[in-house]
Amino acid sequence: IALQAVTNSAVVSLWQVAPGQSGYPWLSASDNNERGIAYDTNSQRVVVSSLSALYVLNGNNGANIEQMNLTGVSFGGLLSGCDQVGIADDGAVYAGNVNNNGGNFTLYRWSAPSNSVTATIAFSADPGSGNAGGERWGDTMAVRGAGPNTQILLSSRSFRRARPPV
């Protein structure tokens, strides 16, 4: 069985929004405000992380639906806001901050991309186990699986430099 490669001609843009577009006042031209985006195949919703909120859009037409419920959520960290977002196969939404130099990375979980659910803390600790050498967590995040089998991958960027041999 031979698999045929997907080409760009097979991908069709359904919608697009631009910074400052009517109905999207939160979408800015700055590269430091909206950093993460995730798609939920269950509800066809898109979640966009912004430093101050998580916005939910209709994945079929791009309509701005609502904001995620951030009651009790405090991202903190280097950017003092939400950086990355990911959605598991069961629709659970995970979002986290950026932290470095041995600080806590906090990962929140919502059961669905909806304002009607509140977040719980899924993880809050230093993924580098206190190795305060310039490690930076939260710039990238990948989520896969579902329920107790959900896997979340965080990469680290380390500012440590190796010393040359003496």
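Let's start with strand 6, in what is a predicted model. Both of its faces are covered. On one side sit Val93 and Ala95, on the other Tyr94 and Gly96, and all four residues are buried.

Now its neighbours. Strand 5 and strand 6 run antiparallel, joined by four bridges. Which residue of strand 6 stands opposite Val85? That is Ala95. Gly86 has a bridge partner in strand 6 as well, namely Tyr94. The two strands make a hairpin, with five residues between them. Look at Gly91 in that turn: its phi is positive, about 90 degrees.

Next, strand 8. Strand 6 and strand 8 are also antiparallel, and again four bridges join them. Here Val93 stands opposite Trp110 of strand 8.

Put those pairings together and you get a sheet. It is open, has four strands, and runs in the order 5-6-8-9 with antiparallel pairing. The edges are strand 5 and strand 9, residues 120-125, each of which pairs on one side only. On average, neighbouring strands of this sheet are turned by 20 degrees against each other, ignoring direction.

On to the core. The largest nonpolar core has 16 residues. Which of them have the most contacts inside it? Leu54, Phe75, Val85, Ala95 and Trp110. Four elements give two or more residues each: strand 3 (54-58), strand 5 (84-87), strand 6 (93-96) and strand 8 (105-110). Two names from the pairings come back here: Val85 and Ala95, which stand opposite each other, are both on the list of residues with the most contacts in the core.

Take Trp110 by itself. Leaving aside residues up to four places away in sequence, Trp110 touches a long list. From strand 6 that list includes Val93 and Ala95. Leu54 and Phe75 are on it too. So are Met68, Asn69, Leu70 and Val73. Ala92, Val117, Thr118 and Ala119 complete the set.

Let's move to strand 2, residues 45-50, where Ser49 is found. Five of the six residues in this strand are buried, so I'd call it mostly covered, with buried meaning under 20% relative accessible area. Is Ser49 buried or exposed? Its relative accessibility is 0%, and therefore it counts as buried.

What does the side chain of Ser49 have for polar company? One of its polar atoms lies 2.8 Å from the backbone nitrogen of Gly36. The backbone oxygen of Asp83 lies 2.6 Å from a polar atom of that side chain. Beyond residues up to four places away in sequence, Ser49 touches Asn33, Glu34, Arg35 and Gly36. It also touches Leu54, and then Cys82, Asp83, Gln84 and Val85. Two of these, Leu54 and Val85, are among the core residues with the most contacts.

Gly36 comes up again in the strand pairing, standing opposite Ser49. Strand 1 and strand 2 run antiparallel, with six bridges joining them. They form a hairpin with four residues between them, and in the turn Gln44 has a positive phi of about 55 degrees.

On to the next partner of strand 2. Strand 2 and strand 3 pair over five bridges, in the antiparallel sense. Val46 stands opposite Leu57 of strand 3. The connection is another hairpin, through three residues.

Last topic: the rings. How many aromatic pairs does a search of the whole structure find? Three. I'll show two of the pairs. A pair of rings is described by the distance of the centres and the angle of the planes. Tyr24 and Trp26 are edge-to-face, 6.2 Å centre to centre, with 65 degrees between the planes. Both of these residues are buried. Trp26 and Tyr55 are stacked, 4.0 Å centre to centre, with 5 degrees between the planes. This stacked pair links distant parts of the chain. Trp26 lies in the segment before strand 1 (34-40), while Tyr55 is in strand 3, and 29 residues separate them. Tyr55 is buried, as is Trp26. Ring pairs thus join Tyr24, Trp26 and Tyr55 into a cluster.

Conventions. Residues are numbered from 1 along each chain as its sequence is written. This is a predicted model: local features need pLDDT of at least 70, side-chain atom pairs count only at pLDDT 80 or more; totals for chains, interfaces and linings use all residues. Side-chain values use heavy atoms; hydrogens and water are left out. A nonpolar core is a set of buried Ala, Val, Leu, Ile, Met, Phe, Trp, Tyr and Cys residues joined through side-chain atoms within 4.5 Å. Buried means under 20% relative accessible area, exposed over 50%, partly exposed in between (1.4 Å probe, protein chains only). Contact means heavy atoms within 4.5 Å. Rings of Phe, Tyr and Trp (its six-membered ring) pair if their centres lie within 6.5 Å; planes under 30 degrees apart count as stacked, over 60 as edge-to-face and the rest as tilted. Two strands pair if DSSP finds at least two bridges between them. A polar contact is a pair of N or O atoms within 3.5 Å; within protein, one must be able to donate a hydrogen and the other to accept it, and residues adjacent in sequence count only if both atoms are side-chain atoms. Axes are lines fitted to C-alpha atoms, for helices over the stretch in contact, and angles run from 0 to 180 degrees between N-to-C directions.
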